[in-house]
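Work through the exercises below with the sequence and the structure at hand. Each task is followed by a worked solution.

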Amino acid sequence: MTKNQQARVVIVGGGFGGLAAAKALRNTPARVILIDRTNHHLFQPLLYQVATSVLTPSQIATPIRSILRNQKNTTIVMGEVTGVDKDQKCVIVSDADRQNVPIAYDYLILATGASHSYFGHNEFAEYAPGLKSLADAEAARNKILQAFELAEAEEDPTRHRDLLTFVLVGAGPTGVEMAGALAILVRNTLKSDFRRIEPASARIVLVDMAPRVLGPFSESLSKAAKKRLEKLGVEVRLGHGVDLIDEEGVVIAGERIASKTVIWTAGVAPSPAGKWLNVETDRAGRVRIQKDLTVPGHPQIFVVGDTASFDQNGKSLPGVAQVAIQQGRYAGKLIHGRIVGNAAPGPFSYFDKGSMAVVGKGFAVLQTGKVQVSGLGAWLTWAAVHLQFLATSSLRLTVFLQWVWTYVTGQRGDRLIVNHHDSQLAEPAPDTLVKNTTAGR
Ligand SMILES: Cc1cc2nc3c(=O)[nH]c(=O)nc-3n(C[C@H](O)[C@H](O)[C@H](O)COP(=O)(O)OP(=O)(O)OC[C@H]3O[C@@H](n4cnc5c(N)ncnc54)[C@H](O)[C@@H]3O)c2cc1C
C-alpha cells in the first residue's frame, strides 16, 4: 500500500487525550495528523506552580513535535480547528497565514479539552483571569508579583491591605493547591525581600459556594485540607459564591472584599466539539459518546477527555488527566485494530487510580478506593506520580531538582514579571527618537 492509499487519522488536540491517542498509533500503517492551536503539550496539573513562581513555563510544557519526533507516521500541524464537515469528512483549520483549510480524515479523534466557565458571568473574566494555559499562568504570576511591587512603592500604608489581598474563586483542587502555594510564597519566599511592606501580612481568601473544599474528596480529607489551609493563614469562605467581581475586588454575601488580585479557579466548560459535530451533548455541553468512545451514528469519529461525556456505573466520568489518557489510548488502539484487521476490543472501561491534591509544603491528600491518607506520605506519592507523568525525562529531572531546591531553601524558580507588551509601549515614536538622539549629541 502506498502512503497516499493509507488511512488518514486526524487527531485534534495535543493534550493528555490527543497525545495518548497519537502514541497508540505509532506502529499503525496510517497517516496520522495531530492538530493543536499551540505548539506544546501542557501539563495542566502543575499550572498553579508556574502561577506561584515555583516552576518556569518550560518545565511544564514540551513542544508536541519534539515528543513525537521519532514517530515517522505522524505530522504535527499548528492551527485552530473551527469546525468539522461530517459529510465531506474533513476538519476546518485556520492559522496565522491561511483561513478555513479543510484537512480530510478517515478517522477523527477530537480531544480538545475544556476552557473556563464563569457560570454565565462572562463579565467576571476581565477582573478574574482563570488558569488553563501557560499564558494564563504567566499572567497570574505577573499579577501576583506586581501586587507586591505596587504595595512596596505605595507610600500610603492604608492601600497596602487592598493591594496585598488575593482572592481565589473556587475551592476545588486547583483553588486549594493555588491557595496553599501562594501562602508559602508570601510567608516564606518573599519574607525578607521587601522594606516597606510585610509580605507575610498578605490576606489570601479562598471562596466557594460549596459547603466544603475539595468537593470530589471524602469529607474527612476535605476537613484535613481546610485545616491545613487555615494553618497556612488562608481564609476559607464557604457556602456562598461571589455575587460580583469588579476592578475593586469581590462581593461575597453582601460583603465587599477589596482586592487587586482575583483569580478564577472554579468551573470549566468543554470545547465547542459538540457544536462542530451538531450531535447530542450533556447539560455541560460535552459530547455524549458510546461505549467504544465514538459518536452515535459516526463510527469513525471519536471524542475523548474533558470534551466527552461518558457514563460508567451510572456516573459521569470526571474531567481529569487519567480519563483523557485512558480514553485517548483506547481510541488509538481501536483505530489501529480496525486498520490492521484485528478484532474489536471490549467496551471502554475507566480504571480509577485515585485522586490527590497538595496543600502547601509537604502535605497532600490522597484518595484511592477505600484508602484515604493525608500528610507527608501523600505528598511524596503526589510528587512521584506527577514526575512520572511529565512528558519527557529532562522535564522529570529539572522539576525534581527544582522541587528539592525549593523544599530545602524555600527559594522558587521563576519570580520574573514579564510583560510581553512593555517594550512596545515604552518604545518612543520614530520622530521622538530622532529628536532625542539629536538633542543627546
Ligand atoms: C489548573 C488545572 C489543574 C488540574 N489538575 C489536575 C490534577 O491534578 N489531576 C488531574 O487528573 N487532572 C487535573 N486537571 C484536569 C486535566 O488537566 C484535564 O482533565 C486534562 O488536561 C484533559 O485532557 P484533554 O486531552 O481532554 O484536554 P487538554 O489536556 O486540555 O488538551 C486539549 C488540547 O486541545 C487543544 N485545542 C483545544 N481547542 C482547539 C482547537 N479549536 N483547535 C486546535 N487545538 C485545540 C489545546 O491547545 C490543548 O492542547 C487540571 C486542569 C487544570 C486546568
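Two strands count as paired if DSSP finds at least two bridges between them. The model used here is predicted.

**Exercise 1. Find the bridge partner of Val 167 in strand 17, and state how the residues of strand 17 are covered.**

Step 1. Strand 11 covers residues 165-169 and pairs with strand 17 in the parallel sense, over 4 bridges.
Step 2. Within that pairing, Val 167 has Val 262 of strand 17 as its bridge partner.
Step 3. In a regular strand, side chains alternate between the two faces of the sheet.
Step 4. In strand 17 (residues 261-264), Thr 261 and Ile 263 lie on one side, and Val 262 and Trp 264 on the other. All four are buried, so with buried meaning under 20% relative accessible area, both faces of strand 17 are covered.

**Exercise 2. Describe the sheet built from strands 14, 15 and 16.**

Step 1. The sheet is open, with 3 strands in the order 14-15-16 and antiparallel pairing.
Step 2. Strand 14 (242-246) and strand 16 (255-258) are the edge strands, each pairing on one side only.
Step 3. On average, neighbouring strands of this sheet are turned by 20° against each other, direction ignored.
Step 4. Strand 15 (residues 249-252) is joined to strand 14 by 4 bridges. Val 242 stands opposite Ile 252 of strand 15.

**Exercise 3. Which residues have the most contacts inside the largest nonpolar core, and which helix gives the most to this core?**

Step 1. The largest nonpolar core has 69 residues, and those with the most contacts inside it are Ile 60, Phe 148, Leu 206, Trp 382 and Trp 403.
Step 2. Helix 6 (residues 173-189) gives the most to this core, with 9 residues.
Step 3. Take Ile 60 as the example: leaving out residues up to four places away in sequence, Ile 60 touches His 41, Leu 42, Phe 43, Leu 46, Leu 47, Val 50, Leu 55 and Leu 134.
Step 4. A second core, separate from this one, has 51 residues, including Val 81, Val 91, Leu 108 and Leu 334.
Step 5. As background, nonpolar side chains tend to be buried together in soluble globular proteins.

**Exercise 4. Which element gives the largest share of the lining of the second largest pocket?**

Step 1. The second largest pocket has a volume of about 330 Å³.
Step 2. Of the 15 residues lining this pocket, Leu 19, Ala 20, Lys 23, Ile 325 and Arg 329 are the closest to its centre.
Step 3. Two or more lining residues come from each of helix 1 (16-24), helix 9 (321-340) and helix 10 (376-389).
Step 4. Helix 1 gives the largest share, 5 residues.

Note on methods
Residues numbered from 1 in each chain as written. Predicted model: local features only at pLDDT ≥ 70, side-chain atom pairs only at ≥ 80, totals over all residues. Heavy atoms only, no water. Axes fitted to C-alpha atoms, helices over the stretch in contact; angles between N-to-C directions. Core = buried A, V, L, I, M, F, W, Y, C linked by side-chain atoms within 4.5 Å. Buried < 20%, exposed > 50% of the residue type's maximum accessible area, 1.4 Å probe, protein only. Contact = heavy atoms within 4.5 Å. 1 Å grid on protein atoms, 1.4 Å probe; cavity = no way out; pocket = protein on both sides within 12 Å on 5 of 7 lines; lining within 4 Å. Points joined across faces, edges and corners; volume = space filled by probe spheres on them.
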